[in-house]
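Below is a walk through one protein chain, from its overall build to a handful of single residues. Keep the structure in view while reading.

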Amino acid sequence: QRTIINNFMERASLAVLKDMAFSENAAYRQKAVTDILAARKLIEVEAVRLAAGRRAPTKALEDIIAQELLLIQKGDIDYKIIAQKDFEFHFGLIELSSNAVYYSVMSVFSALAQDMTQNFYRGRADLFTTYVDKHGQIAAAIKKGDAPLAVALLEEILQHGERAYKNLNS
């Protein structure tokens, strides 16, 4: 028998990141989660700044928020469904940026991000209502062209979610 050790920095891939993000090894898992969430925050915050700066049309976001509110009204706490809607909202922010590179990068990360979002809501479905409220505030700030407010609201939920996710997976 033999053991092969791969240097993940030399053989980087989404599959490796996913393995690390869901690893039984707490140190690898924390490193991957921290790095993935930092990259997401970097792109998403700049995307919302761009969208608000040009007062991007928010109809698509408003439609997603309406669907999220309907889930809340129905009392639907299926973590897979609420994770999907939450991801759609955040991916919608990337689309509103009109930055093709941000969109492409997040498209590549899409499956991993959705898996992580499901993992998050599996343990914290109770936060969905709070986040949907913030989604509405973010959409309104984009519509008004208030980039500082949109960024602040997004950073607030991303930081809150990051802390909660790390607590679930520590």
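In which helix is the place of Gly161? Gly161 is in helix α7. Before turning to its surroundings, it helps to set out the whole chain. The model is a predicted one.

The protein chain has seven helices and zero strands. Read along the sequence, the pattern is therefore α-α-α-α-α-α-α, given that helices are numbered from the N terminus. Along the principal axes, the C-alpha atoms fill a box of roughly 60 × 35 × 20 Å. For 170 residues, a compact globule would have a radius of gyration near 15 Å, and the 17 Å of this protein chain agrees with that.

How does the chain divide between inside and outside? Of its 170 residues, 39% count as buried. The accessible surface of the protein chain comes to about 9500 Å², and carbon and sulfur atoms hold 55% of that surface. As for charge, there are 21 positive and 21 negative side chains. The centres of these two sets lie 2 Å apart.

Contacts also say something about how the chain is arranged. Among contacts in the protein chain with a separation of 6 or more, 76% join residues that are 24 or more positions apart.

The next topic is the nonpolar interior. The largest nonpolar core holds 42 residues, and Val48, Leu93, Ile138, Ile142 and Leu154 touch the most other members. Two or more residues of this core come from each of α1 (14-21), α2 (26-53), α3 (59-74), α4 (79-96), α5 (100-124), α6 (128-144) and α7 (147-168). The most is given by α7, with nine residues. Another core, of seven residues, lies apart from this one; its members include Ile43, Ala47, Ile94 and Ala113.

Which residues does Leu154 touch, leaving aside its neighbours within four places in sequence? They are Glu44, Val45, Val48, His90, Leu93 and Ile138. Val48, Leu93 and Ile138 have already been named with Leu154 among the core residues that touch the most other members.

A second view of the interior comes from Leu61, which is found in helix α3. Is Leu61 buried or exposed? With a relative accessible area of 2%, Leu61 is buried, because the limit for that label is under 20%. Apart from neighbours within four places in sequence, Leu61 is in contact with Phe89, Gly92, Leu93, Leu96, Ala139 and Ile142. One of these, Ala139, is 78 residues away along the chain, yet the C-alpha atoms of Leu61 and Ala139 are separated by 6.6 Å.

Now back to Gly161 in helix α7. Gly161 counts as buried because its relative accessibility is 12%. Not counting residues up to four places away in sequence, Gly161 touches Phe120 and Tyr131. Gly161 and Ile82 are 79 residues apart in sequence, and their C-alpha atoms are 14 Å apart in space.

Two arginines in helix α2 can be set side by side. Arg29 lies in that helix, and so does Arg49. Arg29 is buried, with a relative accessible area of 12%, whereas Arg49 counts as partly exposed at 37%. Arg49 touches Ala147 and Val151 when residues up to four places away in sequence are not counted. From C-alpha to C-alpha, Arg49 and Gly161 are 20 Å apart in space, with their positions 112 residues apart in sequence. For Arg29 and Leu154, the C-alpha distance is 24 Å, and they are 125 residues apart in sequence.

The last stop is the loops, where backbone angles deserve attention. Most residues other than glycine have a negative phi. Which sign does the phi of Arg55 have, positive or negative? Arg55 is not a glycine, but its phi is positive, about 50°. Arg55 is found in the loop between α2 and α3. With a relative accessible area of 55%, Arg55 is exposed, because that label applies over 50%.

Ser98 gives another case: its phi is near 65°, a positive value in a residue other than glycine. Ser98 is found in the loop between α4 and α5. Its relative accessible area is 54%, so Ser98 is exposed.

How values were computed. Residues numbered from 1 in each chain as written. Predicted model: local features only at pLDDT ≥ 70, side-chain atom pairs only at ≥ 80, totals over all residues. Heavy atoms only, no water. Core = buried A, V, L, I, M, F, W, Y, C linked by side-chain atoms within 4.5 Å. Buried < 20%, exposed > 50% of the residue type's maximum accessible area, 1.4 Å probe, protein only. Helix = DSSP H or I, 4+ residues; strand = E, 2+ residues; numbered from the N terminus. Contact = heavy atoms within 4.5 Å. Rg over C-alpha atoms; globule rule 2.2 N^0.38 Å. Areas by Shrake-Rupley, 256 points an atom, 1.4 Å probe, with all protein chains shown as cover. Lys, Arg positive; Asp, Glu negative; His and termini not counted. Charge placed at Lys NZ, Arg CZ, Asp CG, Glu CD.
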